[in-house]
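Here is a short report for a first look at this structure. Please keep the sequence and the 3D view open while reading.

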Amino acid sequence: MGILESLKALLFGKHDVSEGKKDEKPEPAVQKAEPVKTESVPATEKPADVIVEKKASIIQEPKEEKPVAEKITVGHVHMSGCTGCLVSFADNYEGLLTILDKYADLVYCLTLADVRHIPEMDVALVEGSVCINDHLSVEEIIETRKNSKIVVALGGCACYGNITRFCRGGQMNQPQHEGFLPIGDLIDVDVYIPGCAPTPQQIRNVCVMAYLLLKGNDEQKALAGAYLTPFMNLAKAGTEACGCDIMTQVINQGLCMGCGSCAAACPVRAISMEYGKPQIERDLCIKCGACYAQCPRSFFSFDVVNQYEAIMDAIDAAMQP
Amino acid sequence: MVLGNYKQVVAARSTDPEILRGAQDGGIVTQLFAYALDAGIIDGAIVAGPSDEPFKPEPMVATTREELMASRGTRYSISPNMSLIKEVTRSYGLDKVGVVGTPCQMQALRKGQLYPVGLRDVPDKIALAVGIFCMENFPYQGIIQLVEDHGATKLDNVRKLDIGKGKFWIYTERGATVDLPLKVTHKYEQPGCHVCLDYVANLADISTGSVGAPDGWSTIFVRSAKGDDIWAKAIAAGAFETKPIESVKPGIDLVTKLATDKITKNQKYLESRATEYGVGKALRNPYI
Ligand SMILES: Cc1cc2nc3c(=O)[nH]c(=O)nc-3n(C[C@H](O)[C@H](O)[C@H](O)COP(=O)(O)OP(=O)(O)OC[C@H]3O[C@@H](n4cnc5c(N)ncnc54)[C@H](O)[C@@H]3O)c2cc1C
Ligand code: SF4
Ligand code: SF4
Ligand code: SF4
């Protein structure tokens, strides 16, 4: 429980655990905010500059209102993807705003912000695979690795190729664009979030845990490390996924117990349960990797899952605006 | 830790004679869901429903008392209840989901809530997870073998199957009883059960089984904050009759013994997978 108390302490800026002194930290933060606002007041005299100044204050205000530790920097890198992974991130609704308010600055995201080049980032959420016949894409993924502390392959395409595994070129107006690889075939990847689309809740959990890993105390780092370990192991395990993994890694290994999670996880209903065992329609499978990752007999950490109640409460609490 | 975390353990049975009539033991599962449905705690539950083959369970979303009644009783073969865990929040449109399952299915559920890779919006919609004790399960074909071959009884004529007191029991509609020594059942066990390290559904909100309590009664572990709250409300509503677990025979000691036996045996098998299968190779261990 020590871990979770201190987790809450970090997430709440000590509101939950310490008495009396809890308001001392926010105050200086608010005072810091004021000079920014006063700077923008004289700017109202020059209409042309107002917009620029207001933009700056919109970005900075939430950061300064909240009594939290330093934020991490996060970027969204769009390779050969469909933006569905980003939509999934956004589908945390107000949770996304909480993440941006409290834990992370979005420093790069062509869909949402006007930053043109890949900056330095604590965490890069990379969606899509890489077209190796498009030199710009190859440069960008290399740049991403160089500039990021943690590279996350976000979604089935970045992790495993997913639907781009089926590309073979021959379409206008770049018929030579035929070779697509998951990002892990070009750079080292630290964390996988499989799924097509990855779920909002999974992205949220990884964001909170990545924050703790980078900004937390030792205990919080340990919790976050334990939580993220399976996704780090998936990243080490390789770049190929298929419904066949359910056969080769679970049933063939004598591990399947017929729970049906794989069938529930599959986005294209390629898996049905026949007499208690998964039956996979491999021609329907789009190779997203969700079934294997969701299977409780792929990875299962008692250390983490036994604490499910406390971890879920803590994540819920972290997501309070 | 062989019994997991829990806030209280009691012996209990449903106060509803109609539920008890077709229940396996104390009718705990059916009564809990029926109460939770009435009280608006859940708006439906994933249960093991009937199918077109006798004693072959089929996962089903029950949203009425009638559907819950149809799911009473243990079917000793695989019911992939987790296969509906996403659909129940989609076409069924449920926001407050109940689900019953074996310990492995409770593990699958909690993993799904913590790591929802392919289960969008599922984590927050689980309102009541009821776990049932489980020593092992059987493929359906194994049940046919046991009942029709070893038991020389037509499965269509069977009223109830039960494992208890060291035997596999077959009760027919016409009142006959056949029992098989558990020894003959072992080779039909689902192989995936042999790496299972949970007997009493440690990860459920409330778990229940027959072991420990007298016939017609159940042993109940109330585990999570959610489970504690629902159990208290169900007791207050008069849904259950309870006895302190210390006052019943054989009581918690037998539960502890069986749980320890299961975990020790399966832990040993897991270790053998790492050393005895192959030369310089190991079978995969899912527990990292
Ligand atoms: C494979 C298996 C092995 C078991 N082993 C043990 C054991 O070793 N020791 C012990 O004490 N108890 C064991 N049980 C539990 C016990 O048989 C009863 O299910 C439990 O006591 C609930 O009884 P009840 O009267 O409260 O439930 P009821 O009100 O009769 O309801 C039973 C519930 O169980 C569900 N169910 C039935 N079959 C399955 C299935 N195959 N998979 C998932 N859900 C199912 C039904 O949907 C229903 O909701 C086992 C159950 C199963 C399915
Ligand atoms: S079977 Fe389904 S879940 Fe598994 S990889 Fe294929 S598409 Fe993805
Ligand atoms: S999720 Fe894993 S254990 Fe469950 S049915 Fe599928 S393959 Fe078997
Ligand atoms: S023994 Fe374990 S794996 Fe097998 S059905 Fe029971 S809970 Fe599941």
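**Ligand 4**

The model is predicted. Begin with ligand 4. By class, its shell holds seven nonpolar, two polar and three charged residues. The ligand sits between chains A and B. Chain A contributes A:Met257 and A:Arg297 to the surroundings. From chain B come B:Thr102, B:Pro103, B:Cys104, B:Cys134, B:Met135, B:Glu136, B:Asn137, B:Cys193, B:Cys196 and B:Lys262.

**Confidence**

How far does the predictor trust the model? The complex receives an ipTM of 0.97 and a pTM of 0.90. Chain B has an average pLDDT of 97. In that chain, 100% of the residues score at least 70. As a general caution, predicted coordinates should not be read in detail where pLDDT is low.

**Strand β2 of chain B and its partners**

Next comes a strand of chain B. Strand β2 spans residues 44-49. Is β2(B) mostly covered or mostly open? It is mostly covered, with six of its six residues buried.

β2(B) pairs with two strands named here. One is β4(B), residues 97-101, which runs parallel to β2(B) over three bridges. Within this pairing, B:Gly44 has B:Val97 as its bridge partner. The other is β3(B), residues 58-62, which runs antiparallel to β2(B) and is joined to it by five bridges. There, B:Gly49 stands opposite B:Glu58.

**Ligand 1**

β2(B) also leads to a ligand. Both β2 and α2 (28-38) of chain B supply at least two residues each to the shell around ligand 1. Which element gives the most to this shell? α2(B) does, with three residues.

The shell counts 31 residues, and the closest are B:Asp25, B:Thr30, B:Ala48, B:Thr74 and B:Arg75. By class, 13 are nonpolar, 14 are polar and four are charged.

Several polar contacts tie ligand 1 to chain B. Three of them are set out below.

| Atom of ligand 1 | Partner in the protein | Distance |
|---|---|---|
| oxygen of ligand 1 | polar backbone atom of B:Val29 | 3.2 Å |
| oxygen of ligand 1 | side-chain N or O atom of B:Thr30 | 2.5 Å |
| nitrogen of ligand 1 | polar backbone atom of B:Phe133 | 2.9 Å |

How much of ligand 1 does the protein cover? On its own, ligand 1 has 900 Å² of accessible area, and the protein covers 98% of it.

**Ligand 2**

Ligand 2 has 13 residues around it. The closest are A:Cys266, A:Cys285, A:Cys288, A:Gly289 and A:Cys291. This shell divides into 10 nonpolar residues, two polar ones and one charged one.

**Cis peptide bonds**

Now turn to the backbone. Where are cis peptide bonds found? One joins A:Cys196 to A:Ala197, with omega at about -5 degrees. A:Ala197 belongs to the loop between β7 (191-193) and α8 (200-215) of chain A.

Another joins B:Lys249 to B:Pro250, with omega at about 0 degrees. B:Pro250 is placed in the loop between β11 (240-244) and α8 (252-275) of chain B.

**Positive phi angles in chain A**

Two residues of chain A deserve a look for their phi values. A:Thr83 is not a glycine, yet its phi is positive, at about 75 degrees. Its place is the loop between β1 (72-78) and α4 (84-90) of chain A. Is A:Thr83 buried or partly exposed? It counts as partly exposed because its relative accessible area is 24%, and buried requires under 20%.

A:Lys287, also a residue other than glycine, has a positive phi near 65 degrees. This residue lies in the loop between β9 (277-280) and α12 (290-294) of chain A. With a relative accessible area of 26%, A:Lys287 is partly exposed.

**A buried serine in chain B**

Finish with B:Ser218. It is part of strand β10, residues 218-222, of chain B. Is B:Ser218 buried or exposed? B:Ser218 is buried, because its relative accessible area is 2%, and the cut-off for buried is under 20%. What does its side chain reach? The side chain of B:Ser218 reaches the backbone nitrogen of B:Gly26, at 2.8 Å.

Methods
Residues numbered from 1 in each chain as written. Chains lettered and ligands numbered in written order. Predicted model: local features only at pLDDT ≥ 70, side-chain atom pairs only at ≥ 80, totals over all residues. Heavy atoms only, no water. Near = heavy atom within 4 Å. Nonpolar A, V, L, I, M, F, W, Y, C, P; charged D, E, K, R; others polar. Buried < 20%, exposed > 50% of the residue type's maximum accessible area, 1.4 Å probe, protein only. Helix = DSSP H or I, 4+ residues; strand = E, 2+ residues; numbered from the N terminus. Pairing = 2+ DSSP bridges. Polar contact = N/O pair within 3.5 Å; in protein donor to acceptor, adjacent residues only side chain to side chain. Areas by Shrake-Rupley, 256 points an atom, 1.4 Å probe, with all protein chains shown as cover. pLDDT = per-residue confidence, 0-100.
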